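Work through these exercises with the model open. Each task is followed by its solution in steps.

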Amino acid sequence: MVALVEGRPPAADRDRLDGARPPRARRRPAAWWALTPFAVYVLLFLAVPCVVALGTGFVTGDGRPSLSALAALGEPLVLRAFGSSALVSGITAVVGAVVGAVVCWGLTALRSDGLVRSLVDSAASVLAQFGGVMLAFAFTATIGIQGVVTQLLLTRLGVDVFAGGVWFYQVPGLLLPYVYFQVPLMVITFMPAVTGLKPQWQEAVATLGGTRREHLLRVVVPVLAPAFVGSVLLLFANAFSSYATAAALISQGAQIVPLQIRAALVSETVLGRENVAGVLALGMVVVMVVLMTLYSLLQRRTERWQR
Amino acid sequence: MTRRRGAPGTALRKAVLAVVGAVFAVPIAAMVAFSLRSADGTGHDLGHWTALAAPENERAYRSLVEGVTNSLVLAAVTAVLVLVLLVPTMVVVHLRYPALVRPLEFVCLVPVTVPAIVLVVGLAPVYSVVSRVAGSGAWTLALAYGVTVLPYAHRAVQADLAATDLRTLTEAARTLGSGGVATLLHVVVPSLRRGLLAAAFITVAVVLGEYTIASLLNRVTLQTSLVQVSRSDPFAAVILALLALLLAFLLLAVVGRVGSAGAGRPVLPGRDVAATAPAPARKALS
């Protein structure tokens with residue numbers, strides 16, 4: 001981060017481009033001291049934790065640099081956890097993206113500054129970003145063993161949801177709660193792209209003798225495609241890194257990566273393998289960095305149509 | 001092609017919304033129905049709701065009270081932290097160091113790529129130092145939370161910053177002889193009040209919902225105590241989760257309304273009115 005800050009062009013160049021008067025900068029006292037509290041804070045509570053978390057994978061227990069801890073990433077149990085994480089994230093990202101895109105299309109029927117629309121936005125924000133543990137409770141109350149829907153199906157229709165075993169407190173049980181927060185996140189991320197579609201484009205197509213179908217295939221789909229793919233990546237990253245819902249649902253075992261980090265953190269002194277949490281964190285960040293880089297590249301393409 | 005533009009499928013689109021909305025209401029409705037189950041399991045009553053307030057259960061819910069208290073303290077401290085540390089920095093960078101705008105945004109978005117579950121691995125050693133220096137009071141967790149809310153708070157303030165001609169306003173204040181602090185309090189803060197309010201409310205919503213860091217650092221907050229209570233008394237946990245979701249929804253609804261009310265405010269000539277669009281955390285946040 002620090003390197004990136006220093007690597008930027010000098011402030012004066014941008015200032016002039018911005019339309020500001022260069023002499024002003026000379027008249028006024030330096031304001032850099034105003035930036036130090038934040039810089040120190042970010043250094044201590046963002047940079048240091050990042051370095052510690054990712055760096056412990058490269059040292060042995062007694063502090064010597066080594067790559068041996070990284071071997072933990074190749075263990076079958078860890079590989080299986082990454083596989084399960086990817087599977088859950090992949091399924092919920094695709095389902096969430098498709099359903100979310102349909103909801104976005106539906107939302108275009110509402111006034112963008114209306115009350116309903118802003119309530120939908122608020123609800124989407126809550127479910128997408130702040131649900132965590134509470135969504136786990138919501139689904140336990142719905143399709144847990146004692147859940148309302150489970151019991152309704154059992155007593156009214158005689159259908160036992162858990163006839164083939166209680167899958168709800170295992171990895172498959174994550175799918176429904178995850179889709180429940182993925183769809184709102186899709187609505188939040190994809191909606192700007194959908195509202196960026198100009199009605200004039202459709203008129204232009206019609207003027208040129210095109211059909212609605214041609215407008216859809218030649219204009220709407222190409223314009224929305226990068227946004228859609230980007231959103232899928234973001235949803236994948238979101239599910240991949242989400243911990244609270246899984247932790248509240250699955251109290252035993254470590255079937256996905258975040259839960260493996262929990263297990264490693266809780267038991268590290270017992271096993272004498274101090275670095276496992278750090279190595280897992282490293283593996284996770286590598287995945288996240290790849291996903292978020294691709295996302296921001298696609299986002300840049302998307303924003304071209306939103307001005 | 002025979003239908004007019006604007007009309008096609010409006011009813012269909014609304015129907016789709018209604019169906020998805022109904023499906024998404026099921027878990028929430030199930031929480032309500034679950035919490036209304038009577039103690040003997042045969043019917044429905046308000047027993048579990050009244051039990052929460054009953055004095056004889058005070059002991060059972062003591063950890064919940066502690067968790068709620070801690071979370072409220074944390075929400076307040078984190079909001080103050082964001083307003084005192086992040087906002088002045090953003091304003092100074094915006095006015096004096098335009099070259100740092102992108103790097104600052106990059107720093108504020110790092111917590112998106114480095115999720116809480118990764119951050120907590122590195123925070124554990126940091127907190128062993130923090131508790132030696134500042135004690136192990138509940139509020140210290142706010143230092144970590146301040147980082148996790150950076151992406152949300154940055155976005156909220158940035159939206160307002162982009163829509164306000166702060167440069168002209170502060171120049172005017174300086175021309176009229178106002179000092180730095182007076183300008184900050186009487187010009188910058190009132191101009192950015194929507195963004196500041198949005199940032200504070202989103203911060204509160206994030207802090208009240210945070211579980212990962214609190215649980216792995218063994219702190220007692222609303223969410224960790226909910227998980228603990230849910231093992232012995234799932235009804236109390238579901239009721240409180242419902243209330244917490246409702247509170248977060250109300251906070252964000254206020255943010256949304258405040259943001260969209262922005263179109264009616266006086267905007268300096270030459271500025272894009274549409275840029276006052278709602279400021280709530282809009283994307284890229286997990």
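Axes here are lines fitted to C-alpha atoms, for helices over the stretch in contact, and angles run from 0 to 180 degrees between N-to-C directions. The model is predicted.

**Exercise 1. Find how helix H3 of chain B is oriented relative to helix H8 of chain B, and state which residues meet.**

Step 1. Take the axes of H3(B) and helix H8 (residues 166-175) of chain B. They come within 10 Å and cross at roughly 90°.

Step 2. Apply the cut-off: 65 to 115 degrees counts as roughly perpendicular. H3(B) and H8(B) are therefore roughly perpendicular to each other.

Step 3. List the residues. H3(B) contributes Val91(B), His94(B) and Leu95(B). Leu166(B), Arg167(B) and Thr170(B) come from H8(B).

Step 4. Sort the residues of this contact. Three are nonpolar, two polar and one charged.

**Exercise 2. Place Ala60(B): is this residue buried, exposed or partly exposed?**

Step 1. Locate Ala60(B). The residue sits in the loop that links helix H2 (47-53) to helix H3 (62-96) in chain B.

Step 2. Count neighbours. Ala60(B) has 15 other C-beta atoms within 10 Å.

Step 3. Compare with the cut-offs: buried needs 20 or more, exposed 12 or fewer. Ala60(B) is therefore partly exposed.

Step 4. Relate Ala60(B) to Leu95(B). They are 35 residues apart in sequence, and their C-alpha atoms are 53 Å apart in space.

**Exercise 3. Describe the make-up of each chain.**

Step 1. Count elements. Chain A has 14 helices and zero strands. Chain B has 13 helices and zero strands.

Step 2. Check burial. Of the 307 residues in chain A, 41% are buried. Of the 286 residues in chain B, 47% are buried.

Step 3. Look at sequence separation. Take contacts in chain A between residues at least 6 apart; 72% join residues at least 24 apart. In chain B, 77% of the contacts with a separation of 6 or more involve residues 24 or more positions apart.

**Exercise 4. Analyse the contact between chain A and chain B.**

Step 1. Count the residues. Chain B gives 77 and chain A gives 83.

Step 2. Find the main contributor on the chain B side. Helix H1 (residues 10-35) of chain B supplies the largest share, 13 residues.

Step 3. Sort the chain B side. It has 57 nonpolar, 13 polar and seven charged residues.

Step 4. Turn to the largest nonpolar core, with 171 residues. Among the members that touch the most others are Phe137(A), Leu280(A), Ala153(B) and Ile202(B).

Step 5. Follow Leu280(A). Beyond its neighbours within four places in sequence, it contacts Val78(A), Val257(A), Gln260(A), Ile261(A) and Ala264(A).

**Exercise 5. Where is confidence lowest and highest among the elements of chain B? Compare with chain A.**

Step 1. Begin with chain B. Its mean pLDDT is 81, and 86% of its residues score at least 70. H2(B) has the lowest mean among the elements, 75, and helix H6 (residues 141-148) of chain B the highest, 92.

Step 2. Flag the weak stretch at residues 261-286 of chain B. The pLDDT there is below 50, yet the stretch has 58 contacts beyond near neighbours in sequence.

Step 3. Now chain A. Helix H1 (residues 2-6) of chain A is lowest, at a mean of 36, and helix H5 (residues 76-107) of chain A is highest, at 91. Residues 1-26 of chain A fall below 50, with 25 contacts beyond near neighbours in sequence.

Step 4. Draw the caution. Where pLDDT is low, predicted coordinates should not be read in detail.

Step 5. Note the scores for the complex. The predictor gives an ipTM of 0.79 and a pTM of 0.82.

How values were computed:
Residues are numbered from 1 along each chain as its sequence is written. Chains are lettered from A and ligands numbered from 1 in the order in which they are written. This is a predicted model: local features need pLDDT of at least 70, side-chain atom pairs count only at pLDDT 80 or more; totals for chains, interfaces and linings use all residues. Helices (H or I, at least four residues) and strands (E, at least two) are DSSP runs, numbered from the N terminus. pLDDT is the predictor's confidence in each residue, from 0 to 100. Two residues are in contact if their C-beta atoms, placed from the backbone, lie within 7 Å. Ala, Val, Leu, Ile, Met, Phe, Trp, Tyr, Cys and Pro count as nonpolar, Asp, Glu, Lys and Arg as charged, and the others, Gly among them, as polar. Angles under 35 degrees count as roughly parallel, over 145 as roughly antiparallel, 65 to 115 as roughly perpendicular and the rest as oblique. A nonpolar core is a set of buried Ala, Val, Leu, Ile, Met, Phe, Trp, Tyr and Cys residues joined through C-beta atoms within 7 Å.
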